[in-house]
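This report describes the fold content, the packing and some selected residues of the model shown below.

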Amino acid sequence: MEGVLSGFAVIAVVIGVGFLIGRRGHLGENGREVLTRLAFHVATPALLFTTLAQADLSVILSGRLLVTAASTFAVTGVFVAVGAVRRWGVGRTTIGALCSGYVNAGNLGIPIAVYVLGDASLVAPVLLFQQLVMTPVALTVLDLSRPGERAPLWQRVTAPVRNPIGVGSLCGVAVSASGLTVPGPVLDPLTLIGNMSVPAVLLAFGISLCGSTLPGRGPERAPVLLSVALKSVGQPLAAWALASGVLGLRGAPLLDVVVTAALPAAQNLFTYASRYRVGEVLARESILLSTMLAVPVLVVVAATLG
């Protein structure tokens, strides 16, 4: 469990630094917004490009990806259905659905894959699925649901390729699929810029906690608790049922898919919510609670299936 604890400890420290920065006002009133814009428009697209440009796209066809996709669609589908019945709104429901099934496969998934599962590449299918399918779809929905004059048809159709996150992901996939090698003078500065993404997201998240109430007690109580229940319990159970009951996985392969499904909601979801100014409290509280619950959930999963 050293990998689980060390991964969460690093995240907690950086969020704590962000909280202190917010309390002392070192970055001014717009510090959180600047960090969010930096992550969304610059650092995260660079990180996704450098990651996907060097990825093995053959993992897209793996059995692990099937379990990831099916379990994700199951829990997000439940949230969308409840959101439609309760009339939570398109944007708010989209953020809640992401918090229900979009796992922290990057800054938490990689160290846990290394120390708990023994292979960092095991999170690659999750990273690719989330960046190539979930993120473009969700951001397109958020783009099209924004208030104001309805965009022309060509803008709606090309929304995924005009979004900086989508552009970074698609360019990275194109480079990987072509077999080209990005020259060092091009890759190195992009890697340096991309390395700002995770710290910027975590610091902005920490700043957002200043003055906030205890999670799960405000007006967003119902969607927050639903998304956390689906993320922390529903998705790992769905992954276990699909992997063992449908694909017949046992031992280490079964442990791999359930552990990745049990990871908490990713912090960059708060960046998306802040960028589109919808569901920010929902995203912040869901991420915080699912991260707190992930430690005991992962311990139970490792003890049961390990």
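The accessible surface of the protein chain, computed here on a predicted model, comes to about 14000 Å², and carbon and sulfur atoms account for 67% of that area. The chain holds 15 helices and zero strands, and buried residues make up 48% of its 306 residues. Where contacts join residues at least 6 apart in sequence, 83% of them link residues at least 24 apart.

In soluble globular proteins, nonpolar side chains tend to be buried together. The largest nonpolar core in this model has 57 residues, of which Leu269, Tyr272 and Leu298 touch the most other members. Apart from this largest core lies another one of eight residues, including Ile21, Ala39, Val201 and Ala204.

Two residues with their contacts, leaving aside neighbours up to four places away in sequence, are set out here.

| Residue | Contacts |
|---|---|
| Tyr272 | Phe40, Leu98, Tyr102, Thr135, Leu139, Ile165 |
| Thr36 | Ala204, Thr271, Ser274, Arg275 |

Thr36 is found in helix α2, which spans residues 31–53, and because its relative accessibility is 6%, under the 20% cut-off, Thr36 counts as buried. Ala204, one of the residues in contact with Thr36, is also among the members of the eight-residue core.

Helix α13, covering residues 251–261, has eight of its eleven residues buried, so this helix is largely enclosed by the rest of the structure. The buried residues of α13 are Leu254, Leu255, Asp256, Val257, Val258, Val259, Thr260 and Ala261, a list that includes Asp256 and Thr260 alongside residues such as Leu254 and Val257.

Notes
Residues numbered from 1 in each chain as written. Predicted model: local features only at pLDDT ≥ 70, side-chain atom pairs only at ≥ 80, totals over all residues. Heavy atoms only, no water. Helix = DSSP H or I, 4+ residues; strand = E, 2+ residues; numbered from the N terminus. Buried < 20%, exposed > 50% of the residue type's maximum accessible area, 1.4 Å probe, protein only. Contact = heavy atoms within 4.5 Å. Areas by Shrake-Rupley, 256 points an atom, 1.4 Å probe, with all protein chains shown as cover. Core = buried A, V, L, I, M, F, W, Y, C linked by side-chain atoms within 4.5 Å.
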